[in-house]
Amino acid sequence: MYLSLFTEIMCSMFSRWNWVACGFYLVLNICSPDASGGLVQSCGHIIPESPVLALGSNFTALCILNESCLDFGNIYASQIIWKIKNKLVPKEQYREINRTVSSVTFNDTSSLATPLTCNILADGQIEQNIYGITVTVGLAPEKPKNLSCIVHQESVLTYVMNCTWNPGRHTFLDTQFRLRHSWPEEIFPDCIPKDVNNSCTITDIQFFVNTEIWVEATNALGKAESDPLVVDPIDIVKPLSPQNVSVSSGVLPTVLQLCWVNWISDAVMMLKFNIRYRIVGETNWMEVPSEDTASTRTSFIVQGLRPYTEYAFSIRCMKEDGVGYWSDWSEEKTGMTTEAQPSKGPPIWRIIDTSHSPAFWTVHLLWKALKPFEANGVILQYEVTIRDKSSPSSPVKKYNVTSTNHTLQLREGTYEVTLVARNSVGSSPPSVLLIPASNSKAPVKNLRTLPKHDKLWVGWTAPNSYVLKYVIEWCLVSSSSDCIIEWQIALGGVQGVDLKGPSKGPTVQTKKVGKAEAVLTWNHLTVEEQNGFIRNYTILYKTIDGNETVVTVDPSKTEYTLSSLTSDTLYTVRMMASTDNGSRTGPDFTFTTQKFGKGEIEAIVVPVCLAFLLIVLLGVLFCFNKRDLIKKHIWPIVPDPSKSNIAQWSPQVPAKHNFSSKDQTYPEGSFTDVSVVEIEADDKKSFSEQDLKPFDLLKKEKSTSEGHSSGIGGSSCMSSPRQSVSDSDEGDTTQNTSSTVQYSTVVLNGYRDQTPVQVFSRSESTQPLLDSEERSEDHAGGADSTAQRQQYFRQNGGQDETNTDRPCFERTKQITHANEGDLVGFVQLQISGQSSQPLGLGMEKNTQEAAVSNVLQTCTEGQTVRPETVEENPLSVDEMPKSYLPQTVRQGGYMPQ
Amino acid sequence: MKFVPAGVVPFVALLLLQRRPVAGRALLLSGSGCPGHGLCRSNVQEQTRRQVALLNATAQELFSLYLKCQGEPFSSESDKLCNPAGIFFPAFRVNRTSERKEVMVAMYKLFAFLNASLGNITRDQEELNPMAKELLERLHNTTKTTRGLISNLTCLLCKNYNIFQVDVRYGDSSKGKSAFKKKQQGCQVLRKYVQVIGLAARVLLPHLSPS
């Protein structure tokens, strides 16, 4: 229902009066007990409500106004206007029945649309909707027609009945179809079609009872029933086709026995059958006479077949009386008849070569293989018998031949040649050829030829005398080949013959293409296309610019594999079928051999991948083993000047000191990544034994950490993260810090004018050192050069691989008063801790060659610096470099400002 | 043929159901039309013969399958357990020389009883052997065939003899009995059914053959 007209609409109509009246009206309507739903009240309604109308009929609707609206709204039926959708209905169709009722009439409902609304022109202008209805227009259902049913067998015991009908015209309405069926005293449940309106399947059916079936179509405009169909479901059965069909050969070579199983028991239905059969490879079916298979059975012997021929059979069945439907044809089954003796002798001819000597002939006997239906089996051999007619006393010569020709050396004379073909069952009738001593020309005249379609017709005028048969000889005249004589026999009554060859060549295609081989397939030519007996197929293939290769294939084959092809090459192949009477080539087919053979790609890719993985693995292992070296190269330690608090440089020249070590001495050049800051300290005592305690700890640690690498800091012995020694912060000194601690700086004296503050500062910088900082040249001159330059901050880069990883250490003799044993221990720890095992030899060498400094310049991270180191060559504050790391940085290296 | 709900088919007003044994007694009426007149055609006689033949052809298989599905001791001692001596089964005292009408009435009584009994057996087997699909399918089909047979006999009795009411007695209900008793009752009924249906087929054949 389309409902509108609310009280507020009424308010708008009252607007000209006053708002007080409007409000009063609203209150009245809202509070009115008659108001539907209690809140709104319609000012009218339309009857009929939501009608369903027949298309083309007439229709009248009434709009009835409420009395209340008349009183307060001052609206009357005369003000009503009707609309279809938004289109005004002409006023000619209105009729004012009384002051509250207006009607509208449509002579043809096809002009109707939905909604149909009743509206009021309030105050003569303002259009307000009062009520609306939906109008449905359609057609009553037509009587369903052409009801037909078929019972489908689904299994041995299961049948369903499918009925179809013509539902008639489209009704534009929701129309329900029901398929109904009943017995005299029983009506069965309806079958309601799903998604369709013209068919339904009943699953509960009963044979041998007359069943009434009909269709009911129902919609809002009516109901229609089809004519009833009265049928016994057994009379409309479409049975399942016979199953398990088997074919077996019989005793005779011309019969085959069929056996099958019926899906329907005889008690339910007696059956009759159709049996069809064809020679495999042919398309035309033959059928067993229906009267021979008109009764229920499960086997049948098909007679009159060709020996040694493969037949395909198919069976169908239906109710014996012919009422109902045929089943589908069963699956085809094939069977082969047994062999019989050849039915005729092979056609034979001869070619006599007298070129060597007229007295001695070379006789080529030629015969044609029997056609399959003549051979009746596999021809195992031919027996050729030669009788010398000129000399009856001469012995008969016999030859057993498996090919279709035989060459003899005969003396000039008259001979009778007899040819017999043999298969496993027997021999053919003999073919006889007389070879006269002197050959005269055939008495035929007017020999002529005429191309006719794909054949060459040869005609002649027959002689007057009786002719048993003619032999036509011909050859292909070609510059590229010799005249190879072919021949054909025609019966004596004819005066012309077609020299036939195949009408088309086989269409070849590839079944599989590899790198060096391609499997070709083709279909046999039909009998009509063969125009004879296919002697062989010839495959001709070539590359675009190569020579054509010819392969002869047995005519029984339909597949051949070309081998020794070139990979990734385009080949063109065609195929020629040859009969005795000619050849015909089929269409060209091109294919491209593959670039890679089967498994070749895998054979290449897999080893490459494995090799790559191996290389990666080795690389990773190498990097892992050499991680210190790599780290040093790509992530060297860079002091961060921004965090330094060095107050004063101590340009102490670290001389090459002898370092008393228990076991080892270290050349300065072997030191790497040493950062030494020698700072003049006011208080020498501040460097106490307590400060060196960590070394003790490290010494102890050595016993367990030997051979370990020390991470980032560990690559630089002097900036090792292992140890920090400080006057002020003992706790820090004992920490085994992480690699992020690159070095530490201790400021004991004031830098320049600054007040010296004894500070131990640890840099957290991970900024990499520049290559130049680690160049071996830096310390190539050993301690001498650095000493002369009074370098007090040194980084030693490895000069070579051997030295690169070597621990480096430098001492200053000023601190010899310290616990030397501890220091040595510490040095040892550093060495052993820094070095990889392969470096052990180098270490020993260095130990012997290098003079060990007795000046301790601790190269541990958290560097410990002794103020005593400034004794020898202390630089004044003014002489000290202005930058933090000026001396050891070269070549655009890091120059912190 | 698909499943049909088991049970007794309502025979409208044609049959008067009674609980006591009553000899076949045809009530003769004349003048009133037979129900479903349009369906009561000449082929009903042949249809009836085919139905009896079908039941006869399948009865032994049904009985054997029933025994097999009940397990021991039914499969081994069927002679003893399935002896139908103690149960009610409609008398079928007609022969080939009996009056055709008498044969038809006896047939009606027999198949009305069988239809009800087969419905009960089917119901019991659905409960006792729900997985014995083939047995259930054969029971359904046999019940359905007897249902169609009753419809055809109704037509023949009404059309040929104006008989539209036959007193029929049904067997005892198996409801509430033990599983063994249900199996035994079904076994007894089916065994008797095999015997009687063969006789019915022989008797009915000359009466229903096209004359």
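This report walks through a predicted two-chain model, from chain B and its core to salt bridges and a few backbone oddities.

**Chain B and the cores**

Let's start with chain B, which has five helices and three strands. Read from the N terminus, its elements go β-β-α-α-α-α-β-α. Of its 211 residues, 54% count as buried. Sequence-distant pairs show up a lot here: among contacts in chain B with a separation of 6 or more, 87% come from residues 24 or more positions apart. The chain's accessible surface is about 9,400 Å², and carbon and sulfur atoms hold 53% of that.

The largest nonpolar core has 54 residues, and B:F92, B:M107, B:Y108, B:L110, B:F111, B:L190 and B:Y193 have the most contacts inside it. Elements of chain B giving two or more residues to this core are α1 (44-70), α3 (100-128), α4 (133-161), β3 (163-169) and α5 (179-208). Helix α3(B) gives the most, with 14 residues. Another core lies apart from this one; it has 45 residues, including A:V151, A:F207, A:L256 and A:L305.

Helix α3 of chain B also carries a polar residue, B:N115. Because its relative accessibility is 0%, B:N115 counts as buried. What does its side chain reach? It gets to the backbone oxygen of B:T143, at 3.1 Å.

**Salt bridges**

Across all chains, a search of the whole structure turns up 22 salt bridges. As background, side chains of opposite charge can pair when their charged atoms come close. Here are three of the pairs:

| Pair | Closest N to O distance |
|---|---|
| B:R147 and A:E186 | 2.6 Å |
| B:K144 and A:D204 | 3.4 Å |
| A:K511 and A:E559 | 2.9 Å |

Take the salt bridge between B:R147 and A:E186. B:R147 sits in helix α4 of chain B and A:E186 in strand β15 (residues 186-187) of chain A, so this pair joins two chains. Both partners are tucked away: B:R147 is buried at 9% relative accessible area, and A:E186 counts as buried at 17%.

B:K144 pairs with A:D204 through a salt bridge. B:K144 belongs to helix α4 of chain B, while A:D204 is in the loop between β16 and β17 of chain A, so here too the pair joins two chains. With a relative accessible area of 1%, B:K144 is buried.

The salt bridge of A:K511 and A:E559 links distant parts of the chain: A:K511 is in strand β40 (residues 509-513) of chain A and A:E559 in strand β44 (residues 559-562) of chain A, 48 residues apart. Is A:K511 buried or exposed? It is exposed, because its relative accessible area is 56% and the cut-off for exposed is over 50%. A:E559 is partly exposed, at 36%.

There is also a salt-bridge network, which links A:R178, A:R180, A:D190 and A:E216.

**Backbone oddities**

Most residues other than glycine have a negative phi, and most peptide bonds are trans. Some spots in this model go the other way.

The peptide bond from A:I47 to A:P48 is cis, with omega near 0 degrees. A:P48 is in the loop between β2 and β3 of chain A, and that loop also holds A:S50. The side chain of A:S50 makes a polar contact with that of A:T134, at 3.4 Å. A:S50 is also 5.5 Å from A:V135, C-alpha to C-alpha, although 85 residues separate the two in sequence. A:S50 counts as partly exposed, at 29% relative accessibility.

Chain B has a cis peptide bond too, from B:E72 to B:P73, with omega near 5 degrees. B:P73 is found in the loop between α1 and α2 (78-81).

As for phi, A:F208 is not a glycine but has a positive value of about 65 degrees. A:F208 is in the loop between β16 (199-202) and β17 (211-219) of chain A, and counts as buried at 2% relative accessibility. In chain B, B:N162 has a positive phi of about 55 degrees, again without being a glycine. B:N162 lies in the loop between α4 and β3 and is partly exposed, at 28%.

**A nonpolar patch**

Finally, on the surface, A:V606, A:L610, A:F612, A:L613, A:V616 and A:V620 form a nonpolar patch, with about 570 Å² of accessible area together. One of them, A:V616, is in helix α6 (residues 600-625) of chain A and is partly exposed, with a relative accessible area of 36%.

Technical notes:
Residues are numbered from 1 along each chain as its sequence is written. Chains are lettered from A and ligands numbered from 1 in the order in which they are written. This is a predicted model: local features need pLDDT of at least 70, side-chain atom pairs count only at pLDDT 80 or more; totals for chains, interfaces and linings use all residues. Side-chain values use heavy atoms; hydrogens and water are left out. Helices (H or I, at least four residues) and strands (E, at least two) are DSSP runs, numbered from the N terminus. Buried means under 20% relative accessible area, exposed over 50%, partly exposed in between (1.4 Å probe, protein chains only). A polar contact is a pair of N or O atoms within 3.5 Å; within protein, one must be able to donate a hydrogen and the other to accept it, and residues adjacent in sequence count only if both atoms are side-chain atoms. A nonpolar core is a set of buried Ala, Val, Leu, Ile, Met, Phe, Trp, Tyr and Cys residues joined through side-chain atoms within 4.5 Å. Contact means heavy atoms within 4.5 Å. Accessible areas come from the Shrake-Rupley method with a 1.4 Å probe; for residues, only the protein chains shown count as cover. Patches are made of residues with over 30% relative accessible area and no salt bridge: like charges are joined within 9 Å, nonpolar side chains (Val, Leu, Ile, Met, Phe, Trp, Tyr) within 5 Å. A salt bridge is a side-chain nitrogen of Lys or Arg within 4 Å of a carboxyl oxygen of Asp or Glu.
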